[in-house]
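Here is a short report on one protein model. It covers a helix residue, the nonpolar cores, a pocket and a pair of strands.

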Amino acid sequence: MLYDAAVIGAGPAGITAALYLVRSGVSVALVESSAPGGQVLSTAEIENYPGFPKGVKGWELADLFDAHLAEYPVVRVRGEVSSVEAVEGGLYRIAFSEGEAIEAKALVICTGAKHRDLGAPGEDEFRGRGVSYCAVCDGNFYRGRDVVVVGGGNSALEEALYLSRIANKIYLVHRRDAFRGAKVYENKIRETANIELVTKSVIDEIRGNNAGMSSVLVRNVENGDTRIIEAEGLFVYVGMAPVSAFLPAEVERDAAGFIITDAEMCTSAPGIFAAGDIRSKRCRQVSSAVGDGATAATAALTYLEHWNA
């Protein structure tokens with residue numbers, strides 16, 4: 001199948017890009033590897049998205065985004081993208097791990113990023129048996145129990161606050177003394193009675209048995225002192241890795257693998273645009289992803305006008 005534009009990724013950036021494109025009268029395929037919403041689906045409460053002064057749950061916002069797009073004739077394509085390559089005629093072919101490939105004149109890449117692994121011994125062994133990367137998904141399994149959250153950015157702080165309403169006690173482990181997250185979240189953390197800060201520390205090992213994880217070995221990076229924290233759950237928030245391995249070499253990326261774009265979301269490859277968390281940028285928020293998606297779609301439409309001229 002040939003489309004004017006294909007949007008890869010159905011998070012806030014991808015849904016916005018698809019919405020702007022289809023409303024302009026071009027044929028659009030939206031490639032989804034999972035449920036629409038992206039990282040929004042794993043966020044408990046969003047308090048800084050305009051129009052929701054009392055906040056909105058992540059899944060609710062994702063449903064609203066998807067319902068808006070459902071009003072238009074966007075073709076939904078389910079599948080995991082295995083490669084993107086330029087083919088004859090200036091088109092791009094999108095191949096999938098299963099199913100038939102599709103082609104498009106323009107691409108908008110909105111595949112976002114995924115949580116990085118902690119890299120500590122025991123992480124793989126207890127993944128899904130204590131080790132988690134989504135408090136919204138798995139937090140209820142630890143109701144009334146002790147858990148550990150590791151990280152110092154917004155995600156770690158937000159999820160520690162979410163878990164504080166479910167778990168008995170939360171140990172928030174961060175390798176530095178200062179947090180990278182928003183001050184409003186840090187203030188709430190410090191005011192929450194069942195959250196204990198374990199700063200200047202890293203997790204050296206995750207321990208457990210056949211029943212699952214039971215404790216973590218924590219080391220102070222300044223004096224080398226170690227401590228065992230008894231906990232049944234560990235929630236890891238130590239950064240994000242871009243989902244960009246399927247892209248051709250012509251698409252320039254930074255050292256971490258995020259796509260480099262200009263202000264109009266144009267990449268180094270003609271006809272390929274990028275939006276949202278997959279971009280090399282500092283601010284990764286729902287609002288910035290939506291803005292990226294609108295900008296990328298506008299740039300893609302200009303590209304298609306020249307194509308059809």
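## Packing, a pocket and a strand pair

Y303 counts as partly exposed because its relative accessibility is 23%, and the class of partly exposed residues starts at 20%. The model is a predicted one. Y303 sits in helix α6. Beyond its neighbours within four places in sequence, Y303 is in contact with K105, A106, P270, G271 and F273. One of these partners, G271, is 32 residues away from Y303 in sequence. In space, the C-alpha atoms of Y303 and G271 are 6.7 Å apart.

**Nonpolar cores**

The largest nonpolar core holds 37 residues. Those with the most contacts inside this core are V7, L21, V28, L61, V108 and V286. Three strands, β1 (2-8), β2 (28-32) and β8 (102-109), each supply at least two residues of the core. So do the helices α1 (12-23), α2 (58-69) and α6 (286-308). Helix α6 gives the most, with nine residues. A second, separate core has 23 residues, including A104, V251, A269 and I278.

What does V7 touch, not counting residues up to four places away in sequence? The set is G14, A17, A18, L21, V28, A29, L30, V31, V108 and C110. Among them, L21, V28 and V108 are also listed with V7 as having the most contacts inside the largest core.

**The second largest pocket**

The second largest pocket encloses about 280 Å³ of space. Its lining is made up of 17 residues. L118, V150, R175, V202 and V238 are the lining residues that lie nearest the pocket centre. Strands β12 (169-174) and β14 (201-209) each supply at least two residues of the lining. Strand β14 gives the most, with three residues. By class, the lining divides as follows.

| Class of lining residue | Number in the second largest pocket |
|---|---|
| Nonpolar | eight residues |
| Polar | five residues |
| Charged | four residues |

**Strands β11 and β12**

Is strand β11 mostly covered or mostly open? Strand β11 spans residues 146-150 and is mostly covered. Four of its five residues are buried. How do β11 and β12 pair, and over how many bridges? The two strands run in the parallel sense, with five bridges between them. At one of these positions, V147 has I170 in β12 as its bridge partner. Strand β12 thus appears twice in this account: it pairs with β11, and it supplies at least two residues of the pocket lining.

Conventions:
Residues numbered from 1 in each chain as written. Predicted model: local features only at pLDDT ≥ 70, side-chain atom pairs only at ≥ 80, totals over all residues. Heavy atoms only, no water. Core = buried A, V, L, I, M, F, W, Y, C linked by side-chain atoms within 4.5 Å. Buried < 20%, exposed > 50% of the residue type's maximum accessible area, 1.4 Å probe, protein only. Contact = heavy atoms within 4.5 Å. 1 Å grid on protein atoms, 1.4 Å probe; cavity = no way out; pocket = protein on both sides within 12 Å on 5 of 7 lines; lining within 4 Å. Points joined across faces, edges and corners; volume = space filled by probe spheres on them. Nonpolar A, V, L, I, M, F, W, Y, C, P; charged D, E, K, R; others polar. Pairing = 2+ DSSP bridges.
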